[in-house]
Amino acid sequence: MRRPTSACAQRTRRSRSAPSTEARVEGRVLVVDDTESKRYLISQSLRMAGMEVVEACDGREALAAMGGQPDVVLLDVRLPDMSGFEVCHRLKTDPVTAAIPVLYVSALMQDAELEERLFEDGADGYVPQPIEPKHLVAQTWALVRMRRAELSRSRERHEARRQREQLVEELESSQGRL
């Protein structure tokens, strides 16, 4: 196993409310914030609601954590190594992560500024400050359910295509025997 290379990486924690499986019911959320107390508040609120939380304290860690395919990313806009806006832009321009919802979190920007950036960067919303845990959880669960529904529809379409291809092959095979 690879050892963490930075003090920030050493603070990154995983918490699971249940074993992770492909058919998991709980949401998997990546919380990215360099302020440990704010990251803790957000993470604990989501854990108490039954979500699996992965934490990162900078943009580099956030991008590296995307391999775990979170359902939602809660992203501080001011990070020590790159802006949250840049992280969001990278996520939204990568076909592998483009469909993962991103919520901005910022205590330093006004609502109007964040709303404007949502359209520019492709983020899916923002969590106003001060954070109200019940609103945070409600907004996050809504995006988790939306993401899960999209993934389910995608699996159903894939399965329907596979079955159709199988039926076409069987039909062609049976016509060849006649």
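**Close-up 1. Asp124 and its partner Lys92 in the predicted model.** Asp124 sits here partly exposed, with a relative accessible area of 38%. Its side chain meets that of Lys92 in a salt bridge, 3.0 Å from N to O. This pair links distant parts of the chain: Lys92 belongs to helix H4, while Asp124 is in the loop between helix H5 (111-121) and strand S6 (125-127), 32 residues apart. Lys92 comes in at 19% relative accessibility and so counts as buried, the cut-off being under 20%.

**Close-up 2. Lys38 and Asp76, a buried charged pair.** Here's a salt bridge whose closest N and O atoms are 3.8 Å apart, formed by Lys38 and Asp76. Lys38 is in helix H2 (residues 36-48) and Asp76 in strand S4, so the pair ties together parts that are 38 residues apart in sequence. Both residues are buried. Asp33 joins the party too: salt bridges with shared partners connect Asp33, Lys38 and Asp76 into one network.

**Close-up 3. Glu86 and Arg90 along helix H4.** Now for a pair within a single helix: Glu86 and Arg90 both lie in H4, four residues apart, or about one turn of the helix. The closest N and O atoms of their salt bridge are 2.7 Å apart. Glu86 is partly exposed, at a relative accessible area of 34%, and Arg90 is partly exposed as well, at 39%. Zoom out to the whole structure, and a search finds ten salt bridges.

**Close-up 4. The largest nonpolar core.** This core has 21 residues, and the members that touch the most others are Leu30, Val32, Val73, Leu75, Val87, Val102 and Tyr104. At least two core residues each come from strand S2 (28-32), strand S3 (52-56), strand S4 (72-76), helix H4 (84-93) and strand S5 (102-105). H4 chips in the largest share, four residues. Apart from this core lies another one, of 17 residues, including Val105, Leu136, Val137 and Leu143.

**Close-up 5. Val102 and the residues around it.** Leaving aside residues up to four places away in sequence, Val102 touches Val73, Leu75, Cys88, Leu91, Lys92, Ala123, Asp124 and Gly125. Two of those names are familiar from the first close-up: Lys92 and Asp124, the salt-bridge partners. Val73 and Leu75 turn up again as well, since they are listed with Val102 among the core residues that touch the most other members.

Technical notes:
Residues are numbered from 1 along each chain as its sequence is written. This is a predicted model: local features need pLDDT of at least 70, side-chain atom pairs count only at pLDDT 80 or more; totals for chains, interfaces and linings use all residues. Side-chain values use heavy atoms; hydrogens and water are left out. A nonpolar core is a set of buried Ala, Val, Leu, Ile, Met, Phe, Trp, Tyr and Cys residues joined through side-chain atoms within 4.5 Å. Buried means under 20% relative accessible area, exposed over 50%, partly exposed in between (1.4 Å probe, protein chains only). Contact means heavy atoms within 4.5 Å. A salt bridge is a side-chain nitrogen of Lys or Arg within 4 Å of a carboxyl oxygen of Asp or Glu.
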